[in-house]
Amino acid sequence: GWYTFQHAGGEFEVCLRPGGVFFCPSFQVGSSRWCLQPDGQTIAVTWGKYGDYTFMVTDAVLREMAGCQVGNEANWRRM
């Protein structure tokens with residue numbers, strides 16, 4: 001599904017596609033992936049040169065998530 005990817009510098013659209021494909025029309029990278037972690041509440045994103053991120057589901061009904069770049073909690077993101 002489509003999400004608004006938010007960060008301190010702005011926002012843009014991303015898509016969590018079936019089969020674990022992470023797609024962003026504005027910042028395309030050849031092999032970007034996402035996966036649901038075993039806890040069922042965390043999503044991991046590997047986004048090539050843009051880094052790796054983890055997101056926790058904050059509201060399953062509204063499809064909202066919050067997280068950060070792996071290893072840098074100050075570099076927050078929301079979807």
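**Notebook: strand β8 and the core**

I began with a polar contact of 2.6 Å between the side chains of R77 and N75; the term covers N or O atoms within 3.5 Å, one able to donate a hydrogen and the other to accept it, and residues adjacent in sequence count only if both atoms are side-chain atoms. I remind myself that this is a predicted model, where local features need pLDDT of at least 70, side-chain atom pairs count only at pLDDT 80 or more, and totals for chains, interfaces and linings use all residues. Residues are numbered from 1 along each chain, and side-chain values use heavy atoms, without hydrogens and water.

I placed R77 in strand β8, residues 72–78; strands are DSSP runs of E, at least two residues, numbered from the N terminus.

Is R77 buried or exposed? I found R77 buried, that is, under 20% relative accessible area with a 1.4 Å probe, protein chains only. R77 has no salt bridge (a side-chain nitrogen of Lys or Arg within 4 Å of a carboxyl oxygen of Asp or Glu). The nearest side chain of opposite charge, D52, is 12 Å away.

Next I looked at W76, also in β8. W76 is partly exposed at 31%, a class between 20% and 50%. Its C-alpha atom lies 6.4 Å from that of H7, 69 residues apart along the chain. Beyond four places in sequence, W76 is in contact (heavy atoms within 4.5 Å) with Q6, H7, A8, G67 and C68.

Last, I checked M79. Beyond four places in sequence, the contacts of M79 include Y3, V14 and F55.

Methods:
Helices (H or I, at least four residues) and strands (E, at least two) are DSSP runs, numbered from the N terminus. Lys and Arg count as positive and Asp and Glu as negative; His and the chain ends are not counted.
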